[in-house]
Structures are given as structure tokens and as C-alpha cells.
Amino acid sequence: MGLPADELPVISETADEIVWHSLNRCPTLEAAGRLCLDTRVICRAAYEKSTQAFLSQLDPQLRFLRSYEEIRPYTEYCKEMILRVDFEEMMLLAITEARVSRQEGNKGYGALVVRGQEILGKAHDTAVTEKDPSRHAEVNAIRQAVQALGDGNLSGAILFSTYEPCPMCSSLAVWANITSIVYGVSIEETAKMGKSRIRVSAKEIIGQSPVMIEVIGDILRDECRCLYG
């Protein structure tokens, strides 16, 4: 980062995670103090997704997180970290949920909401068994996540889905401020397989939205496709 080591002391480091405390001079912190603004709000909005966008250029499985319980001026440092999330491992869990869905008589979709190494929500679609067309896998997983956090802002989290989220689910990801959507098989491909889909991609929904969400497809595409093979 071009800063002296004593301004960014490393607290812990493994092959998949590095955690440090930021002690360097911060213009945002100084401005927040002068304007009586809360860094727990403005730093999350201003820097978290932009930092992740930069990091994703190196490797999208590397994720940037900041602790908003340990942030200046509420503590003497800002606790920040970069860790690796195994996309294939997470997608396998979503596939397991999709198989449970089919066993229960639903349509066979699975989804997870993950922040760092923590799974905040893991679900499958229950629209058929609950007789509720809104109960898509992504909706169920996001609902679990916000309940687990007690917060409707899921910035920093990844939504994993076996199939590309429909416009409803992509829109919910927008309102939940998800950082990334990772899916297995695209809407276009599943439509060609005979699935009933609204042919509007997640990228199209997000492109018309007020937030930035990265969309990554084709993770374990063949394995997800085989759910309906």
C-alpha cells in the first residue's frame, strides 16, 4: 500500500487470510470528524465496494472486509482484512440445497449468502411447497442473512446461486446492497433448456440500479446444469 509497516501492523496471516490494523493518517476520518459524520456509515458506503472492485481485478475470490465495530474514531485503529473465498466450495453447498429442493417437490434452485468465511444464509426455493411465488432460493437466503445480522445492508457479502438470479432476485440483491453475485448457469442457457425464465440478465438489472454489484457466472456451470440434465 506504500505505507510504513508500523502504520499497517499485520495482526494475523495465513495462506487464505491477512488481517491488519490501519493507523495511518486518513483524510476521510479527519473530514468525518469535522463534519460530525459517522465513519461506520460513510466508510462503508465510500470505500468497501470500490476497494473490492480493485481487488477483484487481481482475483475475484479475494475479498476485502472491514470491521465496523473496530473503526476509528471508535477505536484507535481500523481493523481490515483480505481473505480468500473458495467459489467452487460455496457453489457445491448451493448445489446441495438445490438437490434438497427437488427432493421436497420444488423447482431445484439453491443459494447462499456468504460474508468472508461466514455463511449468513443457505436456502433453496420453496415456492411450490409454501404456495408462495416469491420464495425463490435467493430470496430465502437473503432473508436468512439479514435476520442473522439484524441489518438490511449486506455490503461485503456474496450471493451464490446455482442459476443466474431472476429480475426479482437481482433487484432484491440491489436493495440488500450485496457486493457480488456468483452463479452457475445463465438465464439464457436455462431458458434454452426449457426452464421458465424472464430473459433479463442480472447485469441488466444492476446496470439500471443505483448500486455497484459485480456479477460472476459459470462457476461449476456443468455441475449446476446437471441438476436438470
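What share of the 229 residues in the chain is buried? Buried residues make up 47% of them, where buried stands for a relative accessible area under 20%, exposed for over 50% and partly exposed for values in between (1.4 Å probe, protein chains only). The accessible areas themselves come from the Shrake-Rupley method with a 1.4 Å probe, and for residues only the protein chains shown count as cover.

The structure is a predicted model, in which local features need pLDDT of at least 70 and side-chain atom pairs count only at pLDDT 80 or more, whereas totals for chains, interfaces and linings use all residues. Residues are numbered from 1 along each chain as its sequence is written, and side-chain values use heavy atoms, with hydrogens and water left out.

**Overall form**

The secondary structure of the chain comes to eight helices and nine strands; helices (H or I, at least four residues) and strands (E, at least two) are DSSP runs, numbered from the N terminus. Taken along the principal axes, the C-alpha atoms of the chain fill a box of roughly 55 × 35 × 30 Å. The radius of gyration is 19 Å, which agrees with the value near 17 Å that a compact globule of 229 residues would have; this radius is taken over C-alpha atoms, and the globule rule is 2.2 Å times the number of residues to the power 0.38.

**Backbone features in the loops**

The peptide bond that joins Arg 72 and Pro 73 is cis, with omega at about 5°, and Pro 73 has its place in the loop between β3 (62–66) and β4 (78–84). A positive phi in a residue other than glycine is found at Asn 177, where the angle is near 60°; Asn 177 belongs to the loop between α5 (167–175) and β8 (180–185). Asp 218 is likewise a residue other than glycine with a positive phi, here near 70°, and Asp 218 is placed in the loop between β9 (214–216) and α8.

**Salt bridges and charge**

A salt bridge is counted where a side-chain nitrogen of Lys or Arg is within 4 Å of a carboxyl oxygen of Asp or Glu, and by this rule the count comes to 14 salt bridges. Three of these pairs are set out below.

| Salt bridge | N to O distance |
|---|---|
| Glu 30 and Arg 25 | 3.1 Å |
| Asp 38 and Arg 40 | 3.0 Å |
| Glu 70 and Lys 79 | 3.7 Å |

In the pair of Glu 70 and Lys 79, Glu 70 is partly exposed with a relative accessible area of 22%, and Lys 79 also counts as partly exposed, at 25% relative accessibility. Salt bridges that share partners join Glu 189, Arg 221, Asp 222 and Arg 225 into one network. For the pair of Glu 30 and Arg 25, Glu 30 counts as partly exposed at 32% relative accessibility, whereas Arg 25 is exposed, with a relative accessible area of 61%. Asp 38 counts as partly exposed at 25% relative accessibility, and its partner Arg 40 is partly exposed with a relative accessible area of 36%.

Asp 86, Glu 88, Glu 89 and Glu 223 form a negative surface patch. Patches are made of residues with over 30% relative accessible area and no salt bridge, like charges being joined within 9 Å and nonpolar side chains (Val, Leu, Ile, Met, Phe, Trp, Tyr) within 5 Å. Of the patch residues, Glu 223 is found in helix α8 (residues 221–225) and is partly exposed, with a relative accessible area of 38%.

**Pairs across the chain**

Cys 166 lies in the loop between β7 (158–163) and α5, where Cys 166 is buried with a relative accessible area of 13%. Although Cys 166 and Arg 199 are 33 residues apart in sequence, they are 8.2 Å apart in space, C-alpha to C-alpha. Glu 104, placed in helix α3 (residues 87–104), is partly exposed with a relative accessible area of 42%; the C-alpha atoms of Glu 104 and Thr 126, 22 residues apart along the chain, are separated by 8.5 Å. Ser 22 lies in strand β2 (residues 17–22) and is buried, with a relative accessible area of 6%. Between the C-alpha atoms of Ser 22 and Ala 137, which are 115 residues apart along the chain, the separation is 38 Å.

Conventions. Lys, Arg positive; Asp, Glu negative; His and termini not counted. Charge placed at Lys NZ, Arg CZ, Asp CG, Glu CD.
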